[in-house]
Amino acid sequence: MKQKECAVLPLPKIALTSSDYPRLEQLARLAVQKGDLDGIFLMGEINRADIVADETDNVRPFVTIGSWVTHCTNWGAPRRTVQLVWPEECWSDPACISVLTPLGTALIGLRVGDQMPYFVAGCLNVVRVQSLTPWDSKVVPFFRRGPTRSGNPFDDDPGPTAA
């Protein structure tokens, strides 16, 4: 019987900020305790990451929580730009992706040009970071996207009230 050759994609070096690290680790630990496979993947990424100070100048920008990332995948989907967020900030906005999803975990800590394999429903995928806009605490959104009664972010009507 011949042994099949298998190309192995080397894992890129990743970095996490010292401010994101504690919350990421807590999130991953809770997910692992529940038997969540995505939590196991996230814990593995945390364990192999370099932890860097938030204001490190000598490191190229890397994907952090809040970053806007333009990426493509190996399965031919068009290029897409998403914001990496905490699970509770994800809502139903297709432009937001939770760090506790396979793609979100694959993106955390990457730099432009990096490729990272990840699994979804048992299928191997590869994501490649094409561009990155780091989160900036000085940027304040015009409005906060979030669930409302009507689904319209501009709906400020409190709804029916008793007379």
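Visitor: Glu-25 and Arg-29 sit in helix H1, so about how many helical turns separate them?
Guide: We're looking at a predicted model here. The side chains of Glu-25 and Arg-29 meet in a salt bridge, with N and O at 3.1 Å. The two residues are 4 residues apart in helix H1, so the separation between them is about one helical turn.

Visitor: Does Glu-25 count as buried or exposed?
Guide: Its partner Arg-29 is partly exposed, with a relative accessible area of 44%. For Glu-25 the relative accessibility is 18%, and the cut-off for that inner class is under 20%. So Glu-25 counts as buried.

Visitor: With which residue does Arg-23 form a salt bridge?
Guide: Arg-23 lies in helix H1 too, and this residue is partly exposed at 36% relative accessible area. The closest N and O atoms of the bridge are 1.9 Å apart, and the rule asks for a distance within 4 Å. The partner of Arg-23 is Glu-88.

Visitor: How many residues apart in sequence are the parts that Arg-23 and Glu-88 tie together?
Guide: Glu-88 is partly exposed, with a relative accessible area of 49%. Arg-23 is in helix H1, while Glu-88 is in the loop between S4 and strand S5 (96–98). Because of those places, the pair links parts of the chain whose separation in sequence is 65 residues.

Visitor: Which ring does the charged end of Arg-23 sit over?
Guide: Besides its bridge to Glu-88, Arg-23 has its charged end 4.1 Å from the centre of a ring. A charge counts as sitting over a ring within 6 Å of the ring centre, provided the angle fits as well. The ring in question belongs to Trp-86.

Visitor: Which residue does Arg-48 pair with in a salt bridge?
Guide: Side chains of opposite charge can pair when their charged atoms come close. For Arg-48, the closest N and O atoms of the bridge are 2.9 Å apart. The two partners are 3 residues apart in helix H2, so about one helical turn separates them. The partner is Glu-45.

Visitor: What is the relative accessibility of Glu-45?
Guide: Arg-48, on the other side of the bridge, counts as partly exposed at 28%. Glu-45 counts as buried, a label that needs a value under 20%. The relative accessibility of Glu-45 is 5%.

Visitor: How many salt bridges does the count come to?
Guide: We've met the Glu-25 and Arg-29 pair, the Arg-23 and Glu-88 pair, and the Arg-48 and Glu-45 pair. The count of salt bridges comes to 3.

Visitor: How far apart in space are Ala-106 and Glu-45, C-alpha to C-alpha?
Guide: Ala-106 has its place in helix H3, and this residue counts as buried at 0% relative accessibility. Along the sequence, Ala-106 and Glu-45 are 61 residues apart. In space, the C-alpha to C-alpha distance is 8.1 Å.

Visitor: Which element gives the largest share of the largest nonpolar core?
Guide: This core has 29 residues, and among those that touch the most other members are Leu-24, Leu-42 and Val-99. Elements giving two or more residues to the core include H2, strand S4 (80–85) and helix H3 (102–107). The largest share is 4 residues, and it comes from H1.

Visitor: Which residues make the nonpolar surface patch of about 280 Å²?
Guide: One of the members, Ile-40, is in helix H2 (residues 37–48). Ile-40 is partly exposed at 44% relative accessible area, and a patch member needs over 30%. The patch is made by Ile-40, Leu-37 and Val-32.

Visitor: Which residue other than glycine has a positive phi near 50 degrees?
Guide: The residue lies in the loop between S6 and S7. At 79% relative accessibility, this residue counts as exposed. The name is Ala-121.

Visitor: What pattern does the protein chain follow along the sequence?
Guide: The chain has 163 residues, of which 37% count as buried. It holds 3 helices and 7 strands. Read along the sequence, the pattern is β-α-α-β-β-β-β-α-β-β.

Technical notes: Residues are numbered from 1 along each chain as its sequence is written. This is a predicted model: local features need pLDDT of at least 70, side-chain atom pairs count only at pLDDT 80 or more; totals for chains, interfaces and linings use all residues. Side-chain values use heavy atoms; hydrogens and water are left out. A charge sits over a ring if NZ of Lys or CZ of Arg is within 6 Å of the ring centre and within 35 degrees of the ring normal. Patches are made of residues with over 30% relative accessible area and no salt bridge: like charges are joined within 9 Å, nonpolar side chains (Val, Leu, Ile, Met, Phe, Trp, Tyr) within 5 Å. Accessible areas come from the Shrake-Rupley method with a 1.4 Å probe; for residues, only the protein chains shown count as cover. Buried means under 20% relative accessible area, exposed over 50%, partly exposed in between (1.4 Å probe, protein chains only). A nonpolar core is a set of buried Ala, Val, Leu, Ile, Met, Phe, Trp, Tyr and Cys residues joined through side-chain atoms within 4.5 Å.
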